[in-house]
Amino acid sequence: MPTPTTTLALGPSWLDPEVLISTFGLIGILVIVFAESGLLIGFFLPGDSLLFTAGLLTADGKYITYPLWLVCLLITIAAIAGDQVGYAFGRKVGPALFRRPNSKLFKQENVLKAHDFFEKYGARSIVLARFVPIVRTFTPIVAGVSRMNYRTFVIYNVIGGVLWGTGVTVLGYFLGQIPFVKANIEAILIAIVLISVVPIAVELLRARMAAKRGTTPQEIAAAEEAIRETREHYGKH
């Protein structure tokens, strides 16, 4: 097992992308991508840095010996399938998700954050959320809660899955062959993490301020009203 050189960037050593890939291989990558794309418990898993590292290790032939096209194809399929499951879950639980109590693996503010993101960008949020940690986990669920037109969701889900799953992996593959990048991979991964969490950091500051007064019944009612309006909007398209 390799020494976890990216622990500083990604937290616990067991979340280090290279450690995960060396331990679980391509199957592990697919499971993580699937979980992060649509399961409530997947929001804390590494996403962008994992795909970038997967591309880099594919170029090196280290731990991943499959051709790049196959790695990208499987990752993209896993990402799309994850969002499909998230959407189906959202349709099933409906607005009740907004009343679910907080727990160690579930925070009400994450759902509200994804809801606001969805309200702001509409169908485009399915694509844009792919590149925003935490939001990418909850947005397909919120889309399901809002009963976004299924055909529209599938189209944007496929586009987002290809751009994220293939795009970030291919970026890691080609940049990983540059000597400077290979020599400074830890700094590169830290930069990727920092860039990806900047939007979340801004939202967290706003959420902390809002958390001081808590989520009021009025806010929950407003969210549910927005969901009903969104359902009516996407139900016509």
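## Close-up views of a helical model and its salt bridges

**Figure 1. Glu36, Asp48 and Arg136 join up in a network of salt bridges.** In this predicted model, residues count from 1 along each chain as its sequence is written. Local features need a pLDDT of at least 70 and side-chain atom pairs count only at pLDDT 80 or more, while totals for chains, interfaces and linings use all residues, and side-chain values rest on heavy atoms, with hydrogens and water left out. A salt bridge here is a side-chain nitrogen of Lys or Arg within 4 Å of a carboxyl oxygen of Asp or Glu. Arginine 136 pairs with glutamate 36, with 2.9 Å between the closest N and O atoms. Because arginine 136 sits in helix H7 and glutamate 36 in helix H2, this pair ties together parts that are 100 residues apart in sequence. Arginine 136 also meets aspartate 48 in a salt bridge, at 3.5 Å from N to O. Aspartate 48 belongs to helix H3 and arginine 136 to helix H7, so here the parts tied together are 88 residues apart in sequence. Helices (H or I, at least four residues) and strands (E, at least two) are DSSP runs, numbered from the N terminus.

**Figure 2. The three partners of the network are buried: arginine 136, glutamate 36 and aspartate 48.** Buried means under 20% relative accessible area, exposed means over 50%, and partly exposed lies in between (1.4 Å probe, protein chains only). Relative accessibility is 3% for arginine 136, 1% for glutamate 36 and 8% for aspartate 48. As a general reminder, side chains of opposite charge can pair when their charged atoms come close.

**Figure 3. Arginine 130 and aspartate 83 form a salt bridge.** Their closest N and O atoms are 3.3 Å apart. Arginine 130 lies in the loop between H6 and H7 and aspartate 83 in helix H4, so the pair ties together parts 47 residues apart in sequence. Both arginine 130 and aspartate 83 are buried. A search of the whole structure turns up three salt bridges.

**Figure 4. Helix H7 is mostly covered, with 11 of its 11 residues buried.** Among these buried residues are Val135, Phe138, Ile141 and Val145. Threonine 137, another residue of H7, is buried with a relative accessible area of 0%. The threonine 137 side chain reaches the backbone oxygen of glutamate 36 at 2.7 Å. That fits the polar-contact cut-off: a pair of N or O atoms within 3.5 Å, where within protein one must be able to donate a hydrogen and the other to accept it, and residues adjacent in sequence count only if both atoms are side-chain atoms. After H7 comes arginine 147, whose phi is positive, near 55°.

**Figure 5. Proline 140 lies in helix H7 and is buried.** Its relative accessible area is 2%. Leaving aside residues up to four places away in sequence, proline 140 touches Ser37, Asp83, Gly86, Tyr87 and Phe153. A contact means heavy atoms within 4.5 Å. Arginine 130 is 10 residues from proline 140 along the chain, and their C-alpha atoms are separated by 9.9 Å.

**Figure 6. Helix H8 covers residues 150–175.** Its 26 residues reach 36 Å from first C-alpha to last, close to the 38 Å expected at 1.5 Å a residue; the expected span is 1.5 Å times one less than the number of residues. At the N-terminal end of H8, asparagine 149 acts as a cap, with a side-chain oxygen 3.1 Å from the backbone nitrogen of arginine 151. The buried residues of H8 include Phe153, Gly160, Gly161, Trp164 and Gly165. What do the buried residues of H8 pack against? They pack against helices H2 (17–38), H3 (48–60), H4 (68–93), H6 (125–128) and H7 (135–145).

**Figure 7. The protein chain as a whole has 11 helices and zero strands.** Buried residues make up 49% of its 237 residues. Of the contacts between residues at least 6 apart in sequence, 76% join residues at least 24 apart. The chain averages a pLDDT of 76, and 63% of the residues score at least 70; pLDDT is the predictor's confidence in each residue, from 0 to 100. Among the elements, helix H1 (residues 7–10) has the lowest mean pLDDT, 42, and H4 the highest, 93. Please read residues 1–10 with this in mind: pLDDT stays under 50 there.
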